[in-house]
Amino acid sequence: MECKEALSLIDQYNEDKLRGTQKEQFLLHVKNCSSCYEELDIKFIVTRGLKGLDSKEPTDFNFSGMLHSKIEKEMGHIKRHHSVLQTVLLFILIFLTAVMIILL
Ligand SMILES: [Zn+2]
């Protein structure tokens, strides 16, 4: 993903509207691109800050820390999802190989 695309997705990410591969590509990009991460960080602070002013609940003002742990958590989900998928595919492959051996 290029910076231009990543930057255009920041608002959607902040509204939790990104899904699947698009979200994955976005997260991978901002993790490796400091200028896009900074842009996301600023918008995240603004979005959360405004929400915090609206709600009566106490607000955690460590927004940068919040964003960082949010990204880490989401990346963790993606990685876990991938390894489950890989394990399933491996089992299917083993199963098909076994069927082939039995049939031949
Ligand atoms: Zn970038």
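On the outward side of helix 2, the one turned away from its buried residues, Thr 21 and Asn 32 are exposed, and I would like to start from that helix, keeping in mind throughout that what we have on the screen is a predicted model. The buried residues of helix 2 are Phe 26, Leu 27 and Val 30. If you look down the axis of helix 2, those buried residues fall within an arc of 95°, so they line one face of the helix. As for its length, helix 2 has 13 residues and reaches 19 Å from its first C-alpha to its last, which is close to the 18 Å expected at 1.5 Å a residue.

Let me now move back along the chain to helix 1, which covers residues 3-14. Helix 1 has twelve residues, and the distance from its first C-alpha to its last is 17 Å, close to an expected 16 Å. Which residues of helix 1 are buried? They are Ala 6, Leu 9, Ile 10 and Tyr 13, and, seen down the axis of helix 1, they fall within an arc of 145°, so here too the buried residues line one face of the helix. The face turned away from that buried side carries the exposed residues Lys 4 and Ser 8.

How, then, do these two helices meet? Helix 1 and helix 2 pack at an angle of about 115°, with their axes 10 Å apart, and that angle makes helix 1 roughly perpendicular to helix 2. Their crossing is left-handed, and the contact is made by Ala 6, Leu 9 and Tyr 13 of helix 1 together with Phe 26, His 29 and Val 30 of helix 2.

In the loop between helix 1 and helix 2 we find Asp 16, a residue that deserves a moment of attention, since its phi is positive, at about 60°, although Asp 16 is not a glycine. Is Asp 16 buried or exposed? With 8 C-beta neighbours inside 10 Å, Asp 16 counts as exposed, because the cut-off for exposed is 12 or fewer.

The other partner of helix 2 is helix 4, which runs over residues 63-103. The axes of helix 2 and helix 4 come within 11 Å and cross at roughly 130°, and the two helices are therefore oblique to each other. Helix 2 passes helix 4 in a left-handed crossing. On the side of helix 2, the residues that meet helix 4 are Glu 24, Leu 27 and Lys 31, and on the side of helix 4 they are Ile 71, Glu 74, Met 75 and Ile 78.

Finally, I would ask you to follow helix 4 along its length. At 1.5 Å a residue, its 41 residues should span 60 Å, and its end C-alpha atoms are indeed 60 Å apart, which agrees. How many of the 41 residues of helix 4 are buried? The number is zero, so helix 4 lies largely in the open. Ser 64, which lies in helix 4, may serve as an example, for Ser 64 is exposed, with 12 other C-beta atoms within 10 Å. If you go from Ser 64 to Leu 93, 29 residues apart along the chain, the C-alpha atoms of the two are separated by 43 Å.

How values were computed. Residues are numbered from 1 along each chain as its sequence is written. This is a predicted model: local features need pLDDT of at least 70, side-chain atom pairs count only at pLDDT 80 or more; totals for chains, interfaces and linings use all residues. Helices (H or I, at least four residues) and strands (E, at least two) are DSSP runs, numbered from the N terminus. A residue is buried if 20 or more other C-beta atoms lie within 10 Å of its own, exposed if 12 or fewer, and partly exposed in between; C-beta atoms are placed from the backbone. The expected span of a helix is 1.5 Å times one less than its number of residues. The arc is that of the directions from the helix axis to the C-beta atoms. Axes are lines fitted to C-alpha atoms, for helices over the stretch in contact, and angles run from 0 to 180 degrees between N-to-C directions. Angles under 35 degrees count as roughly parallel, over 145 as roughly antiparallel, 65 to 115 as roughly perpendicular and the rest as oblique. A crossing is left-handed if the near helix is turned anticlockwise from the far one by less than a right angle, and right-handed if clockwise. Two residues are in contact if their C-beta atoms, placed from the backbone, lie within 7 Å.
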